[in-house]
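Got the viewer open? Let's walk through a few selections, one stop at a time.

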Amino acid sequence: MLSETDVAALGVTLKLASVTTVVLLALGTPLAWWLARSNWRGKPLIEALVALPLVLPPTVIGFYLLLLLGAGGPVGGLMERWGVGPLVFTFGGLVVGSVVYSLPFVVQPLRDAFAAVGRLPMEAAATLRAGPWDRFWSVAVPLARPGFLTASVLGFAHTVGEFGVVLMIGGSIPGETRVASVAVYDHVEGLEYGAAHGLSGVLVGASFLMLVGVYFVNRRARVVAS
Amino acid sequence: MSLEVRFPLRRGEFSLDVDLALPGAGVTAISGKSGSGKTSLLRAVAGLDFHEGGFVKLGDSVWQDGGKFVPPHRRGVGYVFQEAGLFPHLTVGGNIDYGRKRAGKGGAEDWLELLGIGGLMERKPSTLSGGERQRVAMARALAARPEILLMDEPLASLDAERKAEVLPYLAALHGELSIPVLYVSHDAGEIARLADYLVLIGEGGVLAEGALGTVMTRLDLPLAQGRDAAAILETTVAGRDREFGLAQLEFDGGSMRVPDMGIPVGAGLRVQVAARDVSLALEEARASSIQNSIHAVVDSLRETGYSEVVVSLRAGGNTLLSRITRKSARDLELASGKKIVAQVKSVAVLG
């Protein structure tokens with residue numbers, strides 16, 4: 001039912017969402033930990049920056065990333081000098097865009113989960129000879145596990161659903177930057193409603209299953225904890 | 001070995017200045033009204049909070065001095081929090097192993113038995129009662145083989161029934177522990193039962209410190225002036241009267257009989273004598289239902305309220321308190337140095 005190019009588009013989407021989720025967990029965990037525990041006066045500034053992608057139109061994010069990462073932009077120019085070439089219209093560029101776009105969906109659940117851990121278990125661990133790194137891994141991470149699951153799934157799902165940013169900085173190169181959401185758009189533009197139905201159906205089904213999974217697991221975690 | 005603690009504790013309006021050299025063994029109770037800084041002091045000793053200009057030294061280990069600040073995980077403290085603070089993702093056994101593994105010293109089994117939690121090892125903390133949680137928290141702290149045990153009102157979050165369930169375990173620990181214990185509490189009953197040394201804090205500083213029996217009977221302190229004022233006697237079981245079911249207790253300054261509770265002859269027994277249960281007479285009554293008369297000397301008197309006085313009495317090396325009416329005190333012509341007979345109506349055996 002799905003054409004070969006549609007399958008390729010789903011593949012790019014899957015790869016993009018996976019890579020983005022991994023990068024976001026790596027960057028988002030220390031950021032969320034800091035947001036949950038810091039008393040720095042300038043913290044609201046950082047919180048606002050993290051939440052900004054929630055309210056901005058994706059095209060605006062895409063536009064600025066295009067300027068930033070393009071051949072003439074500050075980051076793009078720097079990369080060209082290092083011989084890496086500009087990131088726009090490449091898979092790497094999509095990852096950068098998706099990380100920015102999905103950042104709040106990963107950082108906020110992690111921050112809430114870390115805040116819910118509270119000071120007491122961490123202080124108890126400290127008096128039981130666990131150093132800061134040790135108690136982060138042995139106490140904070142296991143207690144924040146539902147938050148990690150929510151963050152991973154939301155980051156993944158939100159990246160699957162991304163459209164505007166991709167269109168601005170990724171274009172639609174089949175097998176490279178043409179993701180499923182863009183493929184659906186192209187099908188509708190070309191009045192190929194059958195193909196649009198097939199691809200859209202797959203996305204709706206997969207996303208729904210993913211979210212159902214999260215809610216079930218999180219409910220079980222809450223029941224066990226209480 | 002002793003614990004030296006000097007701090008200026010400051011936070012906003014709150015301030016507390018202490019300069020203490022505490023015993024290196026036994027239980028030191030830190031008491032005072034809520035907000036006096038008991039918990040802040042304990043947290044500062046553990047290194048959970050940093051306060052500029054402090055000094056903490058246990059034995060030969062300096063934990064804080066000038067620019068030196070040893071973080072809590074390198075101090076060798078055991079800490080029992082008011083809310084047990086067990087790790088919810090681990091079983092009881094996992095909680096106990098957490099500190100034991102990191103301390104790298106084996107053998108917590110003796111505490112498990114003493115605290116009565118051997119049968120709980122597979123349970124998750126969420127399935128435990130409040131009293132069980134606190135006992136597990138104590139076992140967990142001790143399993144890491146600390147050099148000092150710090151307890152922050154471990155019974156305060158429990159109802160009276162749970163408290164009564166945990167207190168005997170604490171008393172048993174008191175007898176078994178070779179490390180010093182700092183025990184924060186505002187409960188006079190707990191302190192009377194558990195403490196050896198007492199530090200009273202309030203008004204931004206240390207109001208008094210000393211052996212429990214001494215501080216509890218100082219007339220210039222609120223403890224002796226209150227309605228629950230009492231003296232503590234450390235006694236030895238000297239004999240048992242099987243016919244009447246009584247045990248003979250001896251202490252420095254006298255002896256008394258209490259209902260025999262099966263404690264073996266020769267064992268130590270701590271008893272509490274409430275000031276309101278001690279009446280005074282000039283000579284021993286020949287016929288009286290009161291069994292316990294102690295020959296003592298009046299040390300000092302202090303009026304408490306309009307109609308009553310509290311009298312401190314010396315009997316050997318011990319001090320007793322008596323609370324009588326101001327009129328009785330005048331009729332008996334009580335004054336410092338006067339010989340008197342203290343009649344003790346009832347005695348609470350603390351164990």
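Before the first stop, a word on pairing: two strands count as paired if DSSP finds at least two bridges between them. Keep in mind, too, that this is a predicted model.

**Stop one: a hairpin in chain B.** Select residues 246–251 and 254–259 of chain B, which are strand 13 and strand 14. They run antiparallel to each other, paired over six bridges. Now pick out B:Leu249 and look across to strand 14 of chain B: its bridge partner there is B:Met256. Then go to the turn, where two residues sit between the strands. One to click on is B:Gly253, which takes a positive phi near 120 degrees.

**Stop two: the domains of chain B.** Colour 2–216 as domain 1 and 230–349 as domain 2, following the domain assignment. Taken over C-alpha atoms, the centres of these two domains of chain B are 33 Å apart. How many residues are in contact between them? Four from domain 1 of chain B meet six from domain 2 of chain B. On the domain 1 side, select helix 7 of chain B (residues 212–216), as the largest share, three residues, comes from there. By type, that side of domain 1 of chain B has three nonpolar residues, one polar and no charged.

**Stop three: a helix in chain A.** Switch over and select residues 43–55 of chain A, helix 2. Its 13 residues reach 19 Å from first C-alpha to last, close to the expected 18 Å. Centre on A:Leu49, where helix 2 of chain A bends by about 30 degrees; A:Pro53 follows within four residues. Is this helix of chain A well covered or hardly covered? Hardly: the count of buried residues in helix 2 of chain A is zero.

Terms used
Residues numbered from 1 in each chain as written. Chains lettered and ligands numbered in written order. Predicted model: local features only at pLDDT ≥ 70, side-chain atom pairs only at ≥ 80, totals over all residues. Domains from an automatic or database assignment. Contact = placed C-beta atoms within 7 Å. Nonpolar A, V, L, I, M, F, W, Y, C, P; charged D, E, K, R; others polar. Expected span 1.5 Å × (residues − 1). Bend = angle between axes of the 7 residues up to and from the residue. Buried ≥ 20, exposed ≤ 12 C-beta atoms within 10 Å, placed from the backbone.
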